[in-house]
Amino acid sequence: MLTSVKVSSTPFEGQKPGTSGLRKAVKVFSQQHYTENFIQSLLTGGLGESLPGSTLVLGGDGRYFLHEAVEIIVRICAANKVSKLIIGQNGILSTPAVSCMIRKYKTNGGILLTASHNPGGPDADFGIKFNTSNGGPAPDGVTNKIYELSTGIKEYFIVPELKCDIKTIGTQQFDIEGHPFTVEVVDSVSDYLELMKEIFDFDSIKNLICGTGQAPLKILINSMHGVTGPYVSRIFCDELGASAESVVNVIPLNDFGGHHPDPNLTYAADLVEAMKKGAFGLGAAFDGDGDRNMILGEKAFFVTPSDSLAVIANNMDCIPYFRRTGVRGFARSMPTGAAVDRVAAKLQKNMYEVPTGWKYFGNLMDAGQLSLCGEESFGTGSDHIREKDGIWAILAWLSILAVRKQTVEEILKNHWTLYGRNFFTRYDYENCDSEPCNKMMDDLESLMNEPSFIGSTHEFEGKSFIVALADNFSYTDPIDGSISTKQGLRIIFQDGSRIVIRLSGTGSSGATVRLYIDSYESDADKYLLDAQVMLKPLVQIALRISKLRELTGRDEPTVIT
Ligand code: VG1
Ligand code: CO
């Protein structure tokens, strides 16, 4: 029998909820009691009365500090009378896999150890995220409660002697002062793979990749040394017949090989370079925890996430799951390019615009109102789980390619011919000082609130735009009526073009400014032009109105997508 002890503790830093979960540098989590405080607050605040006797899924993306965190969480769960933890072997579970397992095993929730697309290693980031019983990120009400508890915590409960083996698949039973506590270590991939097989036609994708009846589609999948490695090897190589050279960086490393595990044109530059050589028909990369994806066609033809969402929306019948469930509705986060809106209008489906962060989609899905959604930040997903899902997105694209027998580029060009093109770009200014960024946002909001701002004309190199609407985006959840205010400044012009500026809620230090530009073009002669050229006037107008350069001292963004 093991005993639980109460340890006195004091909060030393507010653990504020962000866009999703808690992210800070590893050295913060390593401070005495920091992780313990947070986990105790998470269990008490997140599970409330259902904490004793609860079952939780636990796993992470393999980054540095994962094993220490798992050990602490197991011991604190045991002391708080959790009855069972389902843990991925070696602590490895992708974010989509956790969501899948919470739903499959109907657990009370799950704890995800990841800082997503942020770098890992002893001097880099770590994160803890709580998902509720629907499999999705905890809603604001829950994260606010956890935050409140963490600011006043005085003690936590722990079973310091408890040791469990997370290397070996199997069940371990413990007796904590008469309470049974079970740790079940499971294969990290199996449950997720099973779900993918229910959603997609694996035979048809296999024929596409192996070239049964036509030339094989050569694919190049880059896991960026994140958690998707084992999933990619099992799904694309073992199940779908892709060759070993089709997958790279599939060994999860605790520092992601020193890289930024963020699938965009800057941080996944090696995929871009490899694709440019022209030998592959589809390229893909994922972030550290496997919920984001980037898709490239032959010769590195870039599919923006906003377009990817719209193309999948327009081709839902290529995916067996949607043929079964029907298409309930589409959604995107507010800054995401509005290409999908046009598909929704044509197909007469409901279209929702929600704040940034996946948690807002969950309520709509739970209420049966939403089938497919996405964010410009390389997030695409559906109601099969309650997280965005990188591998799912690639399988969705492969399904479309298999049915339509066209290249990625052809599919995009057809789409633009049908709907016109929404040009989109995002500029990130990472690691800025917080104070000037807050001032910039406040000043801009005041300017936008001046009565003369609506109707004002803004001009750059001969192109001019007239402001039709300007606000700080606010969202009323149509299902539970909860209101989320101040979700980003948006300026909408009379021609429908949009400038959006918001501060990141996921950074682990300083402030990150995100500037988003979305503009619609219906002139077919311009569909193939470069987005940076097309959007330059709006970018310059945004920089001018916001005084971003002057206030942040940054001339150039750190990342452009
Ligand atoms: C960013 C993205 C947002 C995404 C969030 C979590 O948030 O902009 O679209 O949902 O990261 O992604 P922010 O607040 O930094 O802009 V990840 O892959 O955690 O899970
Ligand atoms: Co992620």
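**Cobalt site, helix packing and positive phi angles**

Both Asp 287 and Asp 289 are buried (under 20% relative accessible area with a 1.4 Å probe and protein chains only; exposed is over 50%, partly exposed in between). The model is predicted, local features requiring pLDDT of at least 70 and side-chain atom pairs pLDDT 80 or more, while totals for chains, interfaces and linings use all residues. Residues are numbered from 1 along each chain as written, chains are lettered from A and ligands numbered from 1 in the order written, and side-chain values use heavy atoms, without hydrogens or water.

The cobalt ion (ligand 2) has as protein donors Ser 116 (OG), Asp 287 (OD), Asp 289 (OD) and Asp 291 (OD), at 2.0 to 2.1 Å. Donors are N, O and S atoms within 2.8 Å of the metal (3.2 Å for Na, K and Ca); water is not among the atoms, so sites may look incomplete. The sequence spacing of the donor residues is S-x170-D-x1-D-x1-D.

The axes of helix H6 (residues 190-199) and helix H14 (residues 390-404) come within 11 Å and cross at roughly 30°; helices are DSSP runs of H or I with at least four residues, and strands are E runs of at least two. Tyr 192, Met 196 and Ile 199 in H6 meet Ile 391, Trp 392 and Leu 395 in H14, contact meaning heavy atoms within 4.5 Å.

Phi of Asn 249, a residue other than glycine, is positive, near 55°. Asn 249 is found in the loop between strand E11 (247-248) and helix H9 (269-276). Phi of Glu 461 is likewise positive, near 40°, and Glu 461 lies in the loop between strands E20 (457-460) and E21 (463-472). At 61% relative accessibility, Glu 461 counts as exposed.

Note on methods
Axes are lines fitted to C-alpha atoms, for helices over the stretch in contact, and angles run from 0 to 180 degrees between N-to-C directions.
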